[in-house]
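Hi everyone, thanks for making time. Please have the sequence and the model up on your screens while I talk.

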Amino acid sequence: MRAMLLIAAAALIASGATVHAQVSCPTVDRIVPPVDMNLFTNVQDYGVRSPRHDGRYHTGEDWALTEADSLGQPVRAMANGIVTYAYAQGWGRDGGVVILEHTMPDETTIYSVYGHLMQTQSAPFPVGVACVSAGDVIGAIGDARPAPHLHFEIRVRNGRSPGQGYTWEYPDDLGHRRPSRFLQNWSARLDRSVSWVANLRPTNGYHTPPVILSDNSLLIANGSQVIRLLPDGRQLWREQLDTPVAGLVGFQGATYVYTTDGRIQEMDAEGELLNSVRTDVAIEGAPFTLDDKLVFSAGGNGLVAYDRRLRNVQWQTTGLPAFHQAWVGAQTMAFHTHADTLITTARSGDPVLDEARMGDGASVMVNAD
């Protein structure tokens, strides 16, 4: 009878049945992308609707090589974990599936799912209930439709079933998470140079540096919100504005919020808006300070400088010089100041460095070469 039970258990694992075992594997201590992110591209993003699947949502990300065939490329465990599912026919015609369970440093449980896999001599599937380490090869990309690729998922539950890769409900609501964002966030959190991480609901807004207040708390912009974080990462308050925030700047003990509709507003440490002005152009790029003035760029429309309280325009250029205008819009520009000189850089095939003396609003450009 004992021999029959052992044989039955072995058959269950080999057939891809889920396993439940009290095995202790090491906690996650580093994150490794399952494929080489320098070579692979996300060819179908998380949460998009798929015409091939009647408009259902994609529950993961599809990664594939863009310059070569992905077939047979090794796939690696993203972190330390235990194998909860491994079956070469998990998705039938579209290949095998491996699922790993991970215990994160904050004691939460995460599941990583690797779909469209095949086994090779150099890339065998891991054994059920076995521990794997970050970076271990757990299979190879198989011959999936419409072309070989890795389907990669992150889940917070349901870690013992391959699923279908698509769902009628939005994946977040079913316990799925955006894989690339998860890898990036946890890679940062596990870096020994990071003391804390604040998780914010992602937006499609601008991403600009925070302002550090005198008590070392932070003001950050997130879409149309300004959020204050305490020095340990806890959120103190959030202020909802009616226009997306283009960025924040600290200047002489005050914080200024500039929005995409051309408004510049002073905000105190409690989130109250004080002084406000509206420019006649939409503000582009981060502001900078020059002497005792706050200077904003309006792209090809020039620069405008305000006093500290935003009461008066100190000077304004009617347009950038012709040489500089050639870079506006097509290139990424940054402004830096040194004494009363403005240094601008533009990103192109070759770096460009120019300087202009802007103390009186003049627009004399001097080529650094």
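Let's begin where strand 3 meets strand 12: the two run antiparallel and pair over two bridges. This is a predicted model, so please keep that in mind as we go. For one of the partners, look at His58, which is bridged to Tyr166 in strand 12. The pairing belongs to an open sheet of three strands, ordered 2-3-12 and antiparallel. Strand 2 (49-50) and strand 12 (166-167) are the edges, each pairing on one side only.

Now stay with strand 3, residues 56-58, and find Tyr57 in it. Is Tyr57 buried or exposed? Its relative accessibility is 16%, and buried means under 20%, so Tyr57 counts as buried. What surrounds Tyr57, once we leave aside the neighbours within four places in sequence? One group of contacts is Gly47, Val48 and Arg49, and another runs through Gly165, Tyr166, Thr167, Trp168, Glu169, Tyr170 and Pro171. With Arg49 there is also a polar contact between the side chains, at 2.6 Å. Pro171 is a nice example of sequence and space telling two stories: it sits 114 residues from Tyr57 along the chain, yet their C-alpha atoms are 7.0 Å apart.

Pro171 also leads us to our next residue, His176, since the two are in contact. His176 is in strand 13, residues 176-177, and with a relative accessibility of 8% it counts as buried. Beyond four places in sequence, the other contacts of His176 are Tyr46, Thr59, Glu153, Ile154 and Arg155.

Let me zoom out for a moment. The protein has 369 residues, and 46% of them are buried. There are three helices and 29 strands, so you will be looking at plenty of strands on your screens. If you take contacts between residues at least 6 apart in sequence, 51% of them join residues at least 24 apart. The accessible surface is about 19,100 Å², with 49% of that belonging to carbon and sulfur atoms.

On to the interior. In soluble globular proteins, nonpolar side chains tend to be buried together. Which residues touch the most other members of the largest nonpolar core? They are Met78, Tyr114 and Leu150, in a core of 28 residues. Several elements give two or more residues to this core: strand 4 (61-65), strand 6 (81-87), strand 7 (96-103), strand 8 (109-118), strand 10 (137-141), strand 11 (150-155) and helix 2 (179-189). There is a second, separate core as well, with 13 residues, including Phe251, Tyr256, Val277 and Val304.

Val304 takes us to strand 24, residues 303-306, which is covered on both faces. Leu303 and Ala305 are buried on one side, and Val304 and Tyr306 are buried on the other. Strand 24 pairs antiparallel with strand 25, residues 313-316, over three bridges. Within that pairing, Val304 has Gln316 of strand 25 as its bridge partner.

Next, the cysteines. How many disulfides are there? The count is one, and it joins Cys25 to Cys131, with 1.9 Å from S to S. The torsion about the S-S bond is about -85°, so this disulfide is left-handed. Cys25 is in the loop between helix 1 (2-14) and strand 1 (40-44), while Cys131 is in strand 9 (residues 131-132), so the bond ties together parts that are 106 residues apart in sequence. The two ends have their own settings: Cys25 counts as buried at 15% relative accessibility, and Cys131 counts as partly exposed at 39%.

Finally, a few backbone details worth clicking on. In the loop between strand 10 and strand 11 you will find Pro146. A cis peptide bond joins Arg145 to Pro146, with omega about -5°.

Then there is Asp54, in the loop between strand 2 and strand 3. Asp54 is not a glycine, yet its phi is positive, about 60°. Asp54 is exposed, with a relative accessible area of 63%.

Asn158 is another non-glycine residue with a positive phi, here about 55°. You can find Asn158 in the loop between strand 11 and strand 12, where it counts as partly exposed at 49% relative accessibility.

That's my tour, and thanks for listening.

Terms used
Residues numbered from 1 in each chain as written. Predicted model: local features only at pLDDT ≥ 70, side-chain atom pairs only at ≥ 80, totals over all residues. Heavy atoms only, no water. Helix = DSSP H or I, 4+ residues; strand = E, 2+ residues; numbered from the N terminus. Buried < 20%, exposed > 50% of the residue type's maximum accessible area, 1.4 Å probe, protein only. Contact = heavy atoms within 4.5 Å. Polar contact = N/O pair within 3.5 Å; in protein donor to acceptor, adjacent residues only side chain to side chain. Core = buried A, V, L, I, M, F, W, Y, C linked by side-chain atoms within 4.5 Å. Pairing = 2+ DSSP bridges. Areas by Shrake-Rupley, 256 points an atom, 1.4 Å probe, with all protein chains shown as cover. Disulfide = S-S within 2.5 Å.
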